[in-house]
Amino acid sequence: MDTDCPSLPKVLSIEATAKSLTVVEEYIPGRTLQQVIDQRQGAEEEAVFALGRDICAALQVIHSMTPPVIHRDIKPSNIILSDSGRYVLIDFDASRRFAEEAVEDTVLLGTFGYAAPEQYGFGQTGPESDIYSLGATLYEAAEGKPYAAGAEISCPMGRIIKKCLEFSARDRYSSADEL
């Protein structure tokens with residue numbers, strides 16, 4: 001993944017063998033979003049907006065690759081608030097390349113509470129799956145607690161977050177560009 005996106009870590013080296021793939025990425029000094037949330041119990045509207053803006057920038061890059069890369073594990077512990085103030089999406093261990101012809105994923109991965117319904121066998125993951133996970137992450141950043149289905153969303157970005165969290169992928173934003 002060779003990008004100049006400040007919301008993605010730079011890949012320093014890749015080593016592939018018959019049994020493994022080792023990817024070395026730049027170190028991002030800062031704190032995980034989970035650490036920030038645990039200390040603050042909810043963020044100001046500007047911080048939630050900045051989080052959404054920065055992670056959407058990362059998603060625009062990975063979703064526009066050929067074929068698109070789907071992260072599949074966006075959550076507060078996989079986002080770094082860097083010392084420069086930028087949010088950076090990390091940990092691509094669960095990511096996969098989108099296959100147009102596939103009906104569902106061959107391996108079901110993701111973190112409960114953040115994974116989109118299609119990650120539990122309801123279809124193939126796509127960009128909308130990452131949008132769902134970003135919505136759950138934005139909710140937690142705004143409200144200071146993990147999202148639970150049907151939870152009230154009281155923050156100013158509530159309408160946007162609610163659309164990200166729709167059960168059906170076709171009812172969510174179709175891309176990071178649209179979001």
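Visitor: In what order do the elements of the protein chain run from the N terminus on?

Guide: From the N terminus on, the order is β-β-β-α-α-β-β-β-β-α-α, and the chain has 4 helices and 7 strands. Please keep in mind throughout that this is a predicted model.

Visitor: How do you know where confidence in the protein chain is lowest and where it is highest?

Guide: The pLDDT is the predictor's confidence in each residue, on a scale from 0 to 100. The protein chain averages 85, and 85% of the residues score at least 70. Among the elements, β7 has the lowest confidence, with a mean of 44, while β5 has the highest, at 97. Over residues 101–108 the pLDDT stays under 50, and for that stretch the model has 15 contacts beyond four places in sequence.

Visitor: Why is tyrosine 114 called buried?

Guide: The relative accessible area of tyrosine 114 is 11%, and the cut-off for a buried residue is under 20%, so tyrosine 114 counts as buried. The residue lies in the loop between β7 (96–97) and α3 (127–143). Leaving aside neighbours within four places in sequence, tyrosine 114 is in contact with several residues, among them Gln34, Ile74, Pro76, Tyr132, Ala136 and Glu140.

Visitor: What makes the pair of tyrosine 114 and glutamate 140 a polar contact?

Guide: The side chains of tyrosine 114 and glutamate 140 are joined at 2.2 Å; a polar contact requires a pair of N or O atoms within 3.5 Å, and the value of 2.2 Å therefore meets that distance limit. As a further distance for tyrosine 114, its C-alpha atom is separated by 8.7 Å from that of proline 146, a residue 32 places away along the chain.

Visitor: Why is serine 129 called buried?

Guide: Serine 129 has a relative accessible area of 0%; set against the limit of under 20%, this value puts serine 129 among the buried residues. Serine 129 lies in helix α3 and, leaving aside neighbours within four places in sequence, is in contact with Ala116, Glu118, Gln119, Gln124 and Arg172.

Visitor: How do you know that Leu33, Val36 and Ile37 are on the same side of α1?

Guide: In helix α1 (residues 33–40), Leu33, Val36 and Ile37 are buried. They cover an arc of only 95 degrees around the axis, and therefore they are on the same side of α1. Asp38 and Gln39, on the other side of α1, are exposed. The buried residues of α1 pack against β3 (30–32), α2 (45–63), β5 (79–82), β6 (87–89) and α3.

Visitor: What makes β3 and β6 the edge strands of their sheet?

Guide: The sheet is open, with 3 strands in the order β3-β5-β6 and antiparallel pairing. The strands β3 and β6 each pair on one side only, and that makes them the edge strands. Neighbouring strands of this sheet are turned by 30 degrees against each other on average, direction ignored.

Visitor: How do you know that β5 and β6 pair?

Guide: Two strands pair if at least two bridges are found between them; β5 and β6, which run antiparallel, are joined by 3 bridges, so the condition is met. Within this pairing, isoleucine 79 stands opposite leucine 89 in β6. Helix α1 packs on the sheet, touching β3, β5 and β6, with its direction at about 80 degrees to that of β3. Helix α2 also packs on the sheet, touching β5 and β6, and its direction makes about 35 degrees with that of β6.

Visitor: What makes β1 and β2 a pair of strands?

Guide: Strand β1 (residues 11–16) and strand β2 (residues 21–25) run antiparallel and are joined by 5 bridges; at least two are required, so they count as paired. Valine 11 stands opposite glutamate 25 in β2, and a hairpin joins β1 to β2 through 4 residues.

Visitor: What makes arginine 72 and the bond between threonine 66 and proline 67 worth a remark?

Guide: Most residues other than glycine have a negative phi, and most peptide bonds are trans. The phi of arginine 72, however, is near 70 degrees, a positive value, and the peptide bond joining threonine 66 and proline 67 is cis, with omega about -10 degrees. Arginine 72 lies in the loop between β4 and β5, whereas proline 67 is in the loop between α2 and β4 (69–70). With a relative accessible area of 5%, against a limit of under 20%, arginine 72 is therefore buried.

How values were computed. Residues are numbered from 1 along each chain as its sequence is written. Side-chain values use heavy atoms; hydrogens and water are left out. Helices (H or I, at least four residues) and strands (E, at least two) are DSSP runs, numbered from the N terminus. Buried means under 20% relative accessible area, exposed over 50%, partly exposed in between (1.4 Å probe, protein chains only). Contact means heavy atoms within 4.5 Å. A polar contact is a pair of N or O atoms within 3.5 Å; within protein, one must be able to donate a hydrogen and the other to accept it, and residues adjacent in sequence count only if both atoms are side-chain atoms. The arc is that of the directions from the helix axis to the C-beta atoms. Axes are lines fitted to C-alpha atoms, for helices over the stretch in contact, and angles run from 0 to 180 degrees between N-to-C directions.
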